[in-house]
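User: I'd like to practise reading side chains and surfaces in a helical model. Could we go through one together?

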Amino acid sequence: MAKKNVGGGSERCSNFDHKLALAKRCSHEGAMAGAKAALVATVATAIPTLASVRMLPWAKANLNPTAQALIISTVAGMAYFIVADKTILATARRNSFQST
C-alpha cells in the first residue's frame, strides 16, 4: 500500500505557488520597466535621427528610411532588454533575501 502524506503536500504546493507568483510578478515588472525604457529610448533616438536627416547633407544622402528605422529600433530593443534584465535580476535578488 502506498503511504499518503497527510499534511506536507499542501504546504509544499503552497510554497511552490508562492514562488511561482513571485516569479511571475518579477518578470512582469521587468517587462513593464523594459517597455517604458524602450519608449523613452525610441523618442530620444528618433528626434535627433530624423532631425539630422533633414539638416545634415551627409545624413540626407546616406541614411535612407530603412537605415533610420534600423537605428531607432536597435536602440529601443537594446534599452528594453537591458532594463528588463536589470529589473528582473534586482527583483529576484530582493525576493531571495526575504524570508519565506
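User: Which backbone oxygen does the side chain of Thr45 reach?

Analyst: Happy to help, and keep in mind that this is a predicted model. For a polar side chain, look for a nitrogen or oxygen partner within 3.5 Å. Here the side chain of Thr45 reaches the backbone oxygen of Ala41, at 2.7 Å. Thr45 itself sits in helix α1, which spans residues 8–55.

User: Is Thr45 buried or exposed?

Analyst: Relative accessible area tells you, and buried means under 20%. Thr45 has a value of 12%, so this residue counts as buried.

User: Which residues is Thr45 in contact with, leaving aside its neighbours within four places in sequence?

Analyst: Setting those neighbours aside is a good habit. What remains for Thr45 is contact with Ile71, Ile72 and Val75.

User: What about Val43, buried or partly exposed?

Analyst: Val43 also has its place in helix α1. Its relative accessible area is 46%, which lies between the 20% and 50% cut-offs, so Val43 is partly exposed.

User: Which residues make the nonpolar surface patch?

Analyst: Val43 is one of them: together with Leu39 and Ile47, this residue forms a nonpolar patch of about 310 Å² on the surface.

User: Which residues does the "transmembrane region" annotation cover?

Analyst: A record is best read alongside the coordinates. The unreviewed UniProt entry gives that annotation to residues 33–53 and 65–84. In the model, residues 33–53 are 100% helix and 0% strand, with end C-alpha atoms 30 Å apart. Residues 65–84 are likewise 100% helix and 0% strand, and their end C-alpha atoms lie 28 Å apart.

Methods. Residues are numbered from 1 along each chain as its sequence is written. This is a predicted model: local features need pLDDT of at least 70, side-chain atom pairs count only at pLDDT 80 or more; totals for chains, interfaces and linings use all residues. Side-chain values use heavy atoms; hydrogens and water are left out. Helices (H or I, at least four residues) and strands (E, at least two) are DSSP runs, numbered from the N terminus. Buried means under 20% relative accessible area, exposed over 50%, partly exposed in between (1.4 Å probe, protein chains only). A polar contact is a pair of N or O atoms within 3.5 Å; within protein, one must be able to donate a hydrogen and the other to accept it, and residues adjacent in sequence count only if both atoms are side-chain atoms. Contact means heavy atoms within 4.5 Å. Patches are made of residues with over 30% relative accessible area and no salt bridge: like charges are joined within 9 Å, nonpolar side chains (Val, Leu, Ile, Met, Phe, Trp, Tyr) within 5 Å. Accessible areas come from the Shrake-Rupley method with a 1.4 Å probe; for residues, only the protein chains shown count as cover. A salt bridge is a side-chain nitrogen of Lys or Arg within 4 Å of a carboxyl oxygen of Asp or Glu. UniProt positions are given in the numbering used here, feature names are shortened, and annotations may be inferred rather than shown by experiment.
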